[in-house]
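Please walk through this protein with me, going from one buried side chain out to the sheets and then to the surface.

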Amino acid sequence: GKLVLWTDDDVLAGERWVWGFLAAAAQFPDARFFGGPVRPWFEASPPAWVTRHLGKLGYCWALLDHGPEVRWLRPGEYCFGANIAFRTEALRRHPFDPTYGRVGKQLSSGDETRLIDQIRAEGGEGVWVGTAGVDHY
């Protein structure tokens with residue numbers, strides 16, 4: 001295919017999730033990658049202190065929200081692997097490094113950030129797809 005979508009095994013995607021990425025890819029043919037909102041999905045209501053500080057704690061759960069619109073990503077804005085898509089041609093030029101990230105007992109994150117940085121370094125840009133959100137457990 002021309003577009004590869006990524007998500008996690010503990011994510012619930014809405015019925016229009018794929019459509020949101022396909023529409024954005026058609027609207028922004030020069031974009032190399034796309035990302036959408038990652039909302040919290042808790043098993044039970046979290047303690048009040050978690051809700052109160054969710055903006056600061058969201059990284060722990062890979063939560064992300066750059067707004068509801070579909071638009072070019074701004075410098076410094078990233079997407080998380082729980083809700084991301086790449087044009088296949090971009091992945092062929094910049095494949096994921098299998099030695100980086102969550103490998104064996106190594107629990108580092110950010111392999112998608114490295115990939116986005118590589119794409120941006122050669123002039124590629126990304127699009128925020130606020131219409132293609134997922135709920136992350």
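**From a helix residue to two sheets**

Once its neighbours within four places in sequence are set aside, glutamate 112 is in contact with Cys79, Phe80, Gly81, Ile84 and Phe96. The model is a predicted one, and within it glutamate 112 belongs to helix 5. The residue counts as buried because its relative accessibility is 12%, and the cut-off for that class is under 20%.

Helix 5, which spans residues 111-121, lies across strand 3 and strand 6, and it runs at about 35° to strand 6. A second helix to consider here is helix 1, made of residues 17-27, which lies across strand 1, strand 3, strand 5, strand 6 (83-87) and strand 9. The direction of helix 1 is at about 140° to strand 1.

These strands lead to the sheet itself, an open one of 5 strands with mixed pairing, whose order is 1-6-3-9-5. Strand 1 (3-7) and strand 5 (70-72) stand at its edges, and each has a single partner strand, so one side of each is left without a neighbour in the sheet. From one strand to the next, the twist averages 20°. Inside this order, strand 3 (residues 33-35) and strand 9 (residues 126-129) run parallel and are joined by 3 bridges. Phenylalanine 33 has glycine 126 in strand 9 as its bridge partner.

There is also an open sheet of 3 strands, again described by mixed pairing, with the order 2-10-4. Its edge strands are strand 2 and strand 4 (38-40), each of which pairs on one side only. Neighbouring strands of this sheet are turned against each other by 30° on average, if direction is ignored. Strand 2 and strand 10 (residues 134-136) run antiparallel, with 3 bridges joining them, and the bridge partner of alanine 13 in strand 10 is valine 134.

Strand 2 also offers a way out to the surface, since leucine 12 lies in this strand, which covers residues 11-13. How far is leucine 12 exposed? Its relative accessible area is 45%, so leucine 12 is classed as partly exposed, a class that lies between the limits of 20% and 50%. On the surface, Leu12 forms a nonpolar patch with Trp41 and Tyr137, and together they have about 300 Å² of accessible area. The path thus runs from glutamate 112, which is buried, to leucine 12, which is partly exposed.

Note on methods
Residues are numbered from 1 along each chain as its sequence is written. This is a predicted model: local features need pLDDT of at least 70, side-chain atom pairs count only at pLDDT 80 or more; totals for chains, interfaces and linings use all residues. Side-chain values use heavy atoms; hydrogens and water are left out. Patches are made of residues with over 30% relative accessible area and no salt bridge: like charges are joined within 9 Å, nonpolar side chains (Val, Leu, Ile, Met, Phe, Trp, Tyr) within 5 Å. Accessible areas come from the Shrake-Rupley method with a 1.4 Å probe; for residues, only the protein chains shown count as cover. A salt bridge is a side-chain nitrogen of Lys or Arg within 4 Å of a carboxyl oxygen of Asp or Glu. Helices (H or I, at least four residues) and strands (E, at least two) are DSSP runs, numbered from the N terminus. Buried means under 20% relative accessible area, exposed over 50%, partly exposed in between (1.4 Å probe, protein chains only). Two strands pair if DSSP finds at least two bridges between them. Axes are lines fitted to C-alpha atoms, for helices over the stretch in contact, and angles run from 0 to 180 degrees between N-to-C directions. Contact means heavy atoms within 4.5 Å.
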